[in-house]
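Subject: The structure I promised you

Hi,

Here is the structure for you to look through. Open it up first, then read on with it beside you.

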Amino acid sequence: MKFFTALTLSSIFAGASAFSAVAPNVGNTEPVDKSLKGIDSSEGVFDPTGGDNGALIRNNNDEVWVPQRARPRRNRKNATMRGMVRENIVTPSNFIYPLFIHEEDYNQAIESMPGCERHSLENMLKEVGEAYNVGVKTFVLFPKVPDELKTNLGQEAYNPEGIVPRALRLIKAAYPDSIVCTDVALDPYSDQGHDGVVENGKILNDVTINQLCKQAVCQAQSGSDVVAPSDMMDGRVGAIRDALDSEGFTDVSILSYTAKYASAYYGPFRDALDSHPGFGDKKTYQQDPANGREALIEAALDAAEGADMLMVKPGMPYLDIIRRLKDATPLPIAAYHVSGEYAMIKAACERGWLNEKDVVMETLTCFKRAGADIILTYYAKQAAQWIEQDGLF
């Protein structure tokens, strides 16, 4: 036992010596004469400490000195200090991981979203398991629906044997403690490529809500923990809440896409679902990117109608909206780090212009700093792995 202990300790010290031999790069290690006297060879160089009104003075050690008591840099002087005073920390429990699914028995890469795929249901379970093991336990499902199942009324949205209900049952059976969210909107199921029912170029608000209620109840029956209406129809949150409650699903939460803007950042997502608008755009129901106060109207309505959480989409270009909603409501706020934002980071990192890990973690932290409690991001699993590797969670 003594030999084992000695051997172990000697190994540890040998390892410590080897480790300490590699000094960190700290730049210049030569002492700096902080008096800065005699450093300029030419005459007439401005001396900031000279004259009756010098920009700097000299301390008791004859060193140049700015006589300022408050120095914020003291709280940044090393990693331990910075960690102690850090205001916002991102953890895997903050993430919702969006997963694209399709009916095929293989995965299919999404060209405009490098690293993302349309998953087969079998591989979806594998992806859920990998994310779950690094602390990401909340997911949201987005289906690519075959064209032959798409209709103007979107009836496939509430087919109990459709791809989303089957995916829900699989995930909840394998990972019963996970939280699975489901998108409530007709665009994946619409032959018009819009979030609602179309008539003569107009999206019919109340007719659409009738279909959304069927969709939400079908999802709840299949095990959805959170329904997330992304359609932006007026009054849909209250109708969905009443529909769920009337069927006994009072514990199913509503994560409302409260401030969903008619953004140019959604293109890669629509590639993933093959759900580009068949005509026109979505500006008659999604919010105008120029408007901020309008989000407060939507937030007040959604809260009054029974929403449990409110979402802002997109994320980074709308940090001001996240903050406005955070200040206006006690409800949790979600930010969607959307496909266009993801694709821009990927493109820059593939070209070597940005460090992917650093820029992603900064981006996710910015959401927290702005007021987001929840972050939907395609980087959820990878970010959780980075957080684990760095020992931050």
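Let's start with one cysteine. Is cysteine 349 buried or exposed? Its relative accessibility is 15%, and because buried means under 20%, cysteine 349 counts as buried. Before going further, please keep in mind that this is a predicted model.

**The cysteines**

How many disulfides does a search of the whole structure find? The answer is zero. In case the word is new to you, a disulfide is a covalent bond between the sulfur atoms of two cysteines. Cysteine 349 is in no disulfide, and the nearest cysteine sulfur, in cysteine 116, is 14 Å away. Why does cysteine 218 have no bond to cysteine 213? Cysteine 213 has the closest cysteine sulfur, but at 13 Å from the sulfur of cysteine 218 that is too far for a bond. Cysteine 218 is also buried, since its relative accessible area is 4%.

**The whole protein**

Now zoom out. The protein has 12 helices and 14 strands. Of its 393 residues, 45% count as buried. Its C-alpha trace spans about 85 × 70 × 40 Å along the principal axes. The radius of gyration is 27 Å, while a compact globule of 393 residues would have one near 21 Å. You can also ask how far along the chain the contacts reach: among those between residues at least 6 apart in sequence, 73% join residues at least 24 apart.

**Strand 13 and its neighbours**

Next, find strand 13, which covers residues 333-337. This strand is mostly covered, with five of its five residues buried. Which way do they point? Ile333, Ala335 and His337 point one way, Ala334 and Tyr336 point the other way, and all are buried.

Strand 13 has a parallel partner in strand 12 (residues 309-313), and the pairing runs over three bridges. To see where they meet, look for valine 312, which stands opposite alanine 335 of strand 13. Going from strand 12 to strand 13, the chain passes through helix 9 (residues 319-328), and this β-α-β crossover is right-handed. Strand 14 (residues 374-377) also pairs with strand 13 in the parallel sense, over four bridges. Here the bridge partner of alanine 334 is isoleucine 374 in strand 14.

There is a nice detail just after strand 12. The peptide bond from lysine 313 to proline 314 is cis, with omega near -5°. Proline 314 sits in the loop between strand 12 and helix 9, so you pass it on the way along the crossover.

**Helix 4**

Helix 4 (residues 163-174) is good for a quick ruler check. At 1.5 Å a residue, its 12 residues should span 16 Å, and its end C-alpha atoms are 17 Å apart, which agrees. The buried residues in helix 4 are Ile163, Val164, Pro165, Ala167, Leu168, Ile171 and Lys172. What do they pack against? Their partners are strand 3 (95-101), helix 3 (121-133), strand 6 (138-143), strand 7 (179-184) and helix 5 (205-221).

**Some loop residues**

Two residues in the loop between helix 7 (267-273) and helix 8 (293-305) make a good pair to look at. One is threonine 284, which counts as exposed because its relative accessibility is 70%. The C-alpha atoms of threonine 284 and tyrosine 261 are separated by 11 Å, and these two residues are 23 apart along the chain. The other is glutamine 286, which lies in that loop too. Glutamine 286 is buried, with a relative accessible area of 5%. Leaving aside neighbours within four places in sequence, glutamine 286 is in contact with Asp195, Met232, Lys260, Tyr261, Ala262, Ser263, Tyr266 and Arg270.

Met232 is worth a second look. Its phi is near 70°, a positive value in a residue other than glycine. Methionine 232 lies in the loop between strand 10 (226-229) and helix 6 (236-246), and with a relative accessible area of 3% it is buried.

Asparagine 200 also has a positive phi, about 50°, although it is not a glycine. You will find asparagine 200 in the loop between strand 8 (197-199) and strand 9 (202-204). Is it buried or exposed? At 80% relative accessibility, asparagine 200 counts as exposed.

Have fun exploring!

Methods: Residues are numbered from 1 along each chain as its sequence is written. This is a predicted model: local features need pLDDT of at least 70, side-chain atom pairs count only at pLDDT 80 or more; totals for chains, interfaces and linings use all residues. Side-chain values use heavy atoms; hydrogens and water are left out. Buried means under 20% relative accessible area, exposed over 50%, partly exposed in between (1.4 Å probe, protein chains only). Two strands pair if DSSP finds at least two bridges between them. A crossover is right-handed if, with the strands pointing away from the viewer, the path from the first strand over the helix to the second runs clockwise. The expected span of a helix is 1.5 Å times one less than its number of residues. Contact means heavy atoms within 4.5 Å. A disulfide is a pair of cysteine sulfur atoms within 2.5 Å. The radius of gyration is taken over C-alpha atoms; the globule rule is 2.2 Å times the number of residues to the power 0.38.
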